[in-house]
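Grab a pencil and open your viewer. Here is a short set of exercises, each with a worked solution.

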Amino acid sequence: MKYVMPFLGLVALMACREGNKENEIVEVESEAIVKVLDTIPQEPKLKTFEGLADTTFVRLADFSDDFAYDLRYATENNFLKAKVYDCAECYTRVKTAKALIAANKDFLKRGVKIKFYDCYRPNSVQYKMWEIVPNPQYVANPDKGSIHNKGGAVDITLVDMDGNELDMGTDFDYFGKRAYHDNTDLPKEILDNRKLLKETMESHGFWSIRTEWWHYNLSAASNDKVANFKWKCND
């Protein structure tokens with residue numbers, strides 16, 4: 001018996017040490033997990049419209065990440081064949097942004113989403129466009145301005161969730177009868193795509209113009225003032 005007690009004490013000590021080692025391993029693993037989580041890029045939080053006036057200019061991407069963009073006037077891939085924006089950004093007034101986000105929620109239910117070609121356009125850019133093409137049939141006279149200059153107009157199309165554009169019959173800024181809304185001499189798929197775009201946008205307070213399937217104006221923005229707000233470009 002005199003050897004049993006020391007033996008049991010040794011076993012207990014070893015068990016205690018093993019238990020401590022297991023605790024240490026768990027703690028090390030926990031610390032490793034925390035470090036890994038810390039290194040995973042966190043999704044940026046979207047902004048809210050709380051406290052913002054309806055006429056405030058906002059960057060649409062700050063309030064929704066459900067849109068696609070191909071801002072043509074920040075490139076030479078447009079009917080002007082010239083880059084007139086310093087950088088590609090989509091700004092609108094708050095009320096326009098709210099209506100666009102609401103419309104896009106309906107599109108998302110159908111497995112598509114809005115893709116932007118142009119959004120708010122500073123009046124100074126309107127003057128640049130007028131210098132290149134001084135024709136009111138294609139470019140609004142900058143002295144009067146357009147609803148694009150008010151932050152209430154957008155040029156858009158629809159894409160599927162893989163980013164593929166729906167067939168609308170023509171490219172953006174195609175100035176011909178094939179782009180007219182009242183041209184029904186087109187394949188059914190094209191007519192159905194245009195109908196989906198038009199009816200959904202109109203249900204959220206936008207109206208179209210007869211000659212451009214891509215152009216939509218927010219009715220509530222018609223009386224806003226022409227603006228020359230310019231966004232900053234990140235170098």
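The exercises below go from the overall fold to the core, the aromatic pairs, the pockets and two single residues. Keep in mind that this is a predicted model.

**Exercise 1. Work out how many helices and strands the protein chain has, and in which pattern they follow each other.**

Solution. Start with a count: there are four helices and seven strands. Next, walk along the sequence, and the pattern reads α-β-β-β-α-β-α-β-α-β-β. Now check how the chain packs: 41% of its 235 residues count as buried. Finally, look at contacts between residues at least 6 apart in sequence: 70% of these join residues at least 24 apart.

**Exercise 2. Find which elements feed the largest nonpolar core, and which of them gives the most.**

Solution. Begin with the members. The core has 53 residues, and those touching the most other members are Leu 100, Phe 107, Ile 114, Phe 116, Leu 158, Leu 197 and Met 201. Then turn to the elements that give two or more residues: strands E1 (57-59), E4 (112-118), E5 (153-160) and E7 (212-218), along with helices H2 (94-109), H3 (123-132) and H4 (188-202). The top contributor is H2, with seven residues.

To see the packing up close, click on Leu 197. Leaving aside residues up to four places away in sequence, Leu 197 touches Phe 107, Ile 156, Leu 158, Met 168, Trp 213 and Tyr 216.

**Exercise 3. Take the aromatic pairs Phe 57 with Phe 229 and Tyr 91 with Trp 231. Describe the ring geometry of each, then classify each partner as buried or partly exposed.**

Solution. First, the big picture: the structure holds 18 aromatic pairs.

Step one is the pair of Phe 57 and Phe 229, which is stacked, with 5.2 Å centre to centre and 10 degrees between the planes. Phe 57 sits in strand E1 and Phe 229 in the segment after E7, so this pair links parts of the chain that are 172 residues apart. For burial, the cut-off is under 20% relative accessible area. Phe 57 comes in at 17%, so Phe 57 is buried. Phe 229 comes in at 30%, so Phe 229 is partly exposed.

Step two is Tyr 91 and Trp 231, also a stacked pair, at 5.5 Å centre to centre and 5 degrees between the planes. Because Tyr 91 lies in strand E3 (residues 91-93) and Trp 231 in the segment after E7, the pair ties together parts that are 140 residues apart in sequence. Tyr 91 is buried at 14% relative accessible area, and Trp 231 is buried at 10%.

**Exercise 4. Describe the largest pocket and the second largest pocket: what is the volume of each, and what classes of residue line them?**

Solution. Take the largest pocket. About 380 Å³ of space lies in it. Its lining has 22 residues, and those nearest the centre are Ala 140, Ser 146, His 148, Glu 212 and His 215. H3, strand E6 (206-209) and E7 each supply at least two lining residues, and the largest share, four residues, comes from E7. Sorted by class, this lining has 12 nonpolar, six polar and four charged residues.

Move on to the second largest pocket, with a volume of about 180 Å³. Its lining residues include Val 84, Tyr 85, Asp 86, Cys 87, Lys 128 and Cys 233. Trp 231, the partner of Tyr 91 in the stacked pair, is another lining residue here. The class tally is seven nonpolar, one polar and three charged.

**Exercise 5. Are Thr 157 and Ser 208 buried or exposed, and which residues does each touch?**

Solution. Thr 157 is found in strand E5. Its relative accessible area is 0%, so Thr 157 is buried. Not counting residues up to four places away in sequence, Thr 157 touches Lys 113, Ile 114, Lys 115, Tyr 117, Glu 165, Leu 166, Met 168 and Trp 213.

Ser 208 has its place in strand E6. At 16% relative accessible area, Ser 208 counts as buried. With the same neighbours in sequence left out, Ser 208 touches His 181, Lys 198, Glu 202, His 215 and Tyr 216. For one last distance, go from Ser 208 to Ala 153: the two are 55 residues apart in sequence and 9.7 Å apart in space, C-alpha to C-alpha.

Technical notes
Residues numbered from 1 in each chain as written. Predicted model: local features only at pLDDT ≥ 70, side-chain atom pairs only at ≥ 80, totals over all residues. Heavy atoms only, no water. Core = buried A, V, L, I, M, F, W, Y, C linked by side-chain atoms within 4.5 Å. Buried < 20%, exposed > 50% of the residue type's maximum accessible area, 1.4 Å probe, protein only. Contact = heavy atoms within 4.5 Å. Phe/Tyr/Trp six-rings, centres within 6.5 Å; stacked < 30°, edge-to-face > 60°. 1 Å grid on protein atoms, 1.4 Å probe; cavity = no way out; pocket = protein on both sides within 12 Å on 5 of 7 lines; lining within 4 Å. Points joined across faces, edges and corners; volume = space filled by probe spheres on them. Nonpolar A, V, L, I, M, F, W, Y, C, P; charged D, E, K, R; others polar.
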